[in-house]
Amino acid sequence: MELQTKGKVKTMENTTLTPEKDSSGLADAIDRILDKGLVINADITIDVAGVELLGIKIRAALASFETAAKYGLEFPSGTNLETASWKEAMIEKEECPQCGKRVDREELLNIACPWCGWESAKAKKRKEMKVRAKVEVQ
Amino acid sequence: MVRLRPEETGLKELLDRILDKGVAVDTITRIDLGSLDLLRTKAHIIFASFKTADKIGLDFPEGTDFNTPAWRDLMTKQSCPVCGMESRREELEEEGCPWCGWNYRPKER
């Protein structure tokens, strides 16, 4: 009985570590658009009886705050760009492939994910090289 | 075996594709009444992701700062064919993918 419950606990732990990535769904789609940014450019003219009545020129860029800040889009006048959040937004971030948290790209790539401990191939290689160097010194 | 972008199906992939390729809508409509030109409309509309927009030279709104590192990254980064994560192109080609370790010409030891 005890063993069984232990087994259950273990599987629970395992499931919490798998990435919670539902690759479909509206929320994910919106995330994607805002993250990549969307450019909408349009030139529209309407003539009535040979007279140009209306001309519309649209240059629009749609993006999340973070993406907008990264690509240097202009913010409405009066926005205070000196707050800590803006500086944070300028740090390049990447989604951890294991737990899905957005973390500092350099840290994720060179050390490990600070949330779940996932290591990239580069970090593993570095570690291996360090160990080898130590062995050689000894 | 190299699998191309595993586990990406459905809405996400569709959206990725549309944004990456861009969508152009060009329409001209004309309504004549007898010999009278009643109504003419012309519309040129384009949707694209930032990356594609930059590649094909679309206008961005005035006041956009093009000197941020993100603009440079757009041109120099490539996504890995196995895991789909982005990294610098030279790094991907010379040393392999820093994320998943994929390497199309492993160095002989």
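**Exercise 1. The sheet**

Determine the order of the strands in the open sheet of 4 strands, and state which are the edge strands.

*Solution.*
Step 1. In this predicted model, the strands follow one another as β2(A)-β1(A)-β2(B)-β1(B), and their pairing is antiparallel.
Step 2. A strand that pairs on one side only is an edge strand; here these are β2 (51-62) of chain A and β1 (23-33) of chain B.
Step 3. With direction ignored, neighbouring strands of the sheet are turned by 5° against each other on average.

**Exercise 2. The pairings of β1(A)**

State how many bridges join β1(A) to β2(B), and how many it forms with β2(A).

*Solution.*
Step 1. Strands of a sheet pair through backbone hydrogen bonds, in either a parallel or an antiparallel manner.
Step 2. Within chain A, strand β1 (residues 38-48) pairs with β2(A) over 11 bridges, in the antiparallel sense. One residue pair illustrates this: L38(A) has L62(A) of β2(A) as its bridge partner.
Step 3. Towards chain B, β1(A) is joined to β2(B) by 11 bridges, and these two strands also run antiparallel. Here I40(A) stands opposite F47(B) of β2(B).

**Exercise 3. The contact between the chains**

Describe the side of chain B that touches chain A: which element gives the most residues, and what is its composition by class?

*Solution.*
Step 1. The contact involves 35 residues from chain A and 43 residues from chain B.
Step 2. On the chain B side, at least two residues each come from α1 (11-21), β2 (36-49), α2 (50-55) and α3 (69-76).
Step 3. Of the elements, β2(B) gives the most, with 14 residues.
Step 4. Sorted by class, this side of chain B has 25 nonpolar, 9 polar and 9 charged residues.

Terms used:
Residues are numbered from 1 along each chain as its sequence is written. Chains are lettered from A and ligands numbered from 1 in the order in which they are written. This is a predicted model: local features need pLDDT of at least 70, side-chain atom pairs count only at pLDDT 80 or more; totals for chains, interfaces and linings use all residues. Two strands pair if DSSP finds at least two bridges between them. Axes are lines fitted to C-alpha atoms, for helices over the stretch in contact, and angles run from 0 to 180 degrees between N-to-C directions. Two residues are in contact if their C-beta atoms, placed from the backbone, lie within 7 Å. Ala, Val, Leu, Ile, Met, Phe, Trp, Tyr, Cys and Pro count as nonpolar, Asp, Glu, Lys and Arg as charged, and the others, Gly among them, as polar.
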